[in-house]
Structure formats: C-alpha cells, structure tokens
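Student: I'm new to this one and would like a guided tour. Could we go through it question by question?

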Amino acid sequence: MTIYNETFDGVDFSHQDLSNAYYEGCKFYLCNFSRTNLRDAQFVDCSFIEQGAIEGCHFEYADLRDSSFKSCKIAMANFKGANAFGIEFRECDLKGANFSQASFSNQINHQMYFCSAYITGCNLSYANLERLCIEKCDLFENKWNGANLQGASFKGSDLSRSSFSEDAWEQFKFQESDLCHCELEGLDPRRVDLTGVKICGWQQEQLLEPLGLIVLPE
C-alpha cells in the first residue's frame, strides 16, 4: 500500500495490519495507531500533529519493528509500550513524545539482550524516555534538552554532536558512549561514571572545569 499527500483526521487505525505500508507527504491529525501492526512501514515528510495542537497521535503498544520515519513531525505522540526494535527516526520533530515502557531491545534470555534503533538529527526536547534501554545504537545529532532521561541507559551508543540539559548527566547511563562534539556543561566527572566515554580534545576544558583545573592551549 502506497499513499501520497492524503489527510487523515481522527481516523482509527487501531488493531489494523499496515505492515510494509508507505506514506509520503500525508497528514495524520489525532489518529489512533494503538496496537497497529506497522512493522516495516515507512513514513516520509508526514505530519502527525496539527499546527498549534497540544496532543499528537497515539501509538500505544503498536508493533513498530523496523518501521521508518524520515523528516516527520511527530511531536506530542504517545508511544507507550510500543515495540520499537529496529525503528528509524531521521530528522524528525519528536518534542514532548512519550516513549514510556517502549522497547528497543530483543530479549534473548533473562540476562542476554541487544538493542536496535536509529534516532538521528531529531528534536527530542521534553520527550519522556524514562528507564528506556537504547544501548549500542546510533543516537547522534539529537536535541535532548529538557527530556526525561531518568534511569535510561544509552551505554555504548553514538551520542556525538548532541545537546543535553545541564542537569541531564546524572539521570542516565552513558558509559562507552561517543560524546564527541557535545557541549558538556553540567557534567561533573566526580559524580558520574565516564568509563570508556569518548570526547574530543577541545572538550577537556569543559570536563575538567568542575574540578578546578585550567586547561591551557599548547
């Protein structure tokens, strides 16, 4: 199924099978995708919220495995409990989106799992990512300002060229991650575990400033 430039207002897509569907230039206003099968579906230049609205579309418990959203406006969307393993968000507006209880991992057994997600160039300001596990994934060039990252784990992920609120660093785990070209204001190495974290040379000054150290140019 391939659909271009259509508007869907208040449509209930819940429990439908939209796997492998392709939407481009479409508008979805207050639509319900709860428990919908959107596996391998693609959305390009689509909008899931009307301008000025304070509520977006609903994707609660949807199957979003390997689905793709490129250059989409998905602010204030509700992804609670969605299966988002392998999902792709590229250059999307996800401000205020709720990912509570969403899963980005494939649980092999009780102790073994691996994550898959491609979230790059997105605006995740004020999004809710509390206690999410998105490890060893591409998460670069995103805006995380004001996002709820409490208890989240981004270990081993590429977080380069991203921006975070100053109070975010103690909320989530990011050991072994790439923080190159991120502004590190508020990051106190005495209070967080920086094991294996990668930074650029110019970031040393920001990182050492809380310790009272002054880094002089060579």
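Student: Let's start with Ser-100. In which loop does Ser-100 lie?

Tutor: Keep in mind that this is a predicted model. To place Ser-100, name the strands on either side of its loop: they are strand 7 and strand 8 (105-107). So the place asked for, in the numbering of strands from the N terminus, is the loop between strand 7 and strand 8.

Student: And which residues is Ser-100 in contact with, leaving aside its neighbours within four places in sequence?

Tutor: Sequence distance and spatial distance are separate things here: Ser-100 and Phe-154 are 54 residues apart in sequence and 15 Å apart in space, C-alpha to C-alpha. For contact, heavy atoms have to be within 4.5 Å. Setting aside the neighbours within four places, the partners of Ser-100 are Phe-79, Lys-80, Gly-81 and Asn-128.

Student: How are the strands ordered in the open sheet of 6 strands?

Tutor: The pairing in this open sheet is parallel. Strand 1 (2-4) and strand 10 (117-120) each have a single partner strand, so they stand at the edges with one side lacking a neighbour in the sheet. Neighbouring strands are turned by 5 degrees against each other on average, direction ignored. Reading across the 6 strands, the order is 1-3-5-6-7-10.

Student: Which residue in strand 5 stands opposite Tyr-23?

Tutor: Look at strand 3 (residues 22-24) and strand 5 (residues 42-44), which run parallel and are joined by 3 bridges. Opposite Tyr-23, in strand 5, you find Phe-43.

Student: What stands opposite Arg-90 in strand 10?

Tutor: Strand 7 (residues 87-90) pairs with strand 6 (residues 68-70) over 3 bridges in the parallel sense, and there Lys-70 stands opposite Arg-90. Strand 7 also pairs in the parallel sense with strand 10, over 4 bridges. In strand 10, the residue opposite Arg-90 is Thr-120.

Student: Is Gln-175 buried or exposed?

Tutor: Gln-175 sits in the loop between strand 10 and helix 1 (204-208). Not counting residues up to four places away in sequence, Gln-175 touches Lys-155, Gly-156, Asp-193, Thr-195 and Val-197. Buried means under 20% relative accessible area. Gln-175 has 14%, so the word for Gln-175 is buried.

Student: What about Arg-131, buried or exposed?

Tutor: Arg-131 is also placed in the loop between strand 10 and helix 1. Exposed takes over 50% relative accessible area. With 63%, Arg-131 is therefore exposed.

Student: What is phi of Glu-176?

Tutor: Most residues other than glycine have a negative phi. Arg-131 has a positive value near 60 degrees. Glu-176, found in the loop between strand 10 and helix 1, counts as partly exposed at 45% relative accessibility. Although Glu-176 is not a glycine, its phi is positive, at about 65 degrees.

Student: Which residues is Asn-123 in contact with, leaving aside neighbours within four places in sequence?

Tutor: Asn-123 lies in the loop between strand 10 and helix 1. The C-alpha atoms of Asn-123 and Leu-149 are separated by 14 Å, with their positions 26 residues apart along the chain counted as the separation. The contacts of Asn-123, its neighbours within four places aside, are Cys-92, Asp-93, Leu-94, Lys-95 and Lys-143.

Student: Last one: what is the volume of the largest pocket?

Tutor: Its lining includes Lys-27, Tyr-29, Asp-93 and Lys-95. The lining residues divide into 3 nonpolar, 2 polar and 5 charged. The volume of the largest pocket is about 160 Å³.

Note on methods: Residues are numbered from 1 along each chain as its sequence is written. This is a predicted model: local features need pLDDT of at least 70, side-chain atom pairs count only at pLDDT 80 or more; totals for chains, interfaces and linings use all residues. Side-chain values use heavy atoms; hydrogens and water are left out. On a 1 Å grid over the protein atoms alone, a cavity is a set of points where a 1.4 Å probe fits but cannot get out, and a pocket is an open set with protein on both sides within 12 Å along at least five of seven lines; lining residues have an atom within 4 Å of a point. Grid points are joined across faces, edges and corners, and a volume is the space filled by probe spheres set on the points. Ala, Val, Leu, Ile, Met, Phe, Trp, Tyr, Cys and Pro count as nonpolar, Asp, Glu, Lys and Arg as charged, and the others, Gly among them, as polar. Two strands pair if DSSP finds at least two bridges between them. Helices (H or I, at least four residues) and strands (E, at least two) are DSSP runs, numbered from the N terminus. Axes are lines fitted to C-alpha atoms, for helices over the stretch in contact, and angles run from 0 to 180 degrees between N-to-C directions. Buried means under 20% relative accessible area, exposed over 50%, partly exposed in between (1.4 Å probe, protein chains only).
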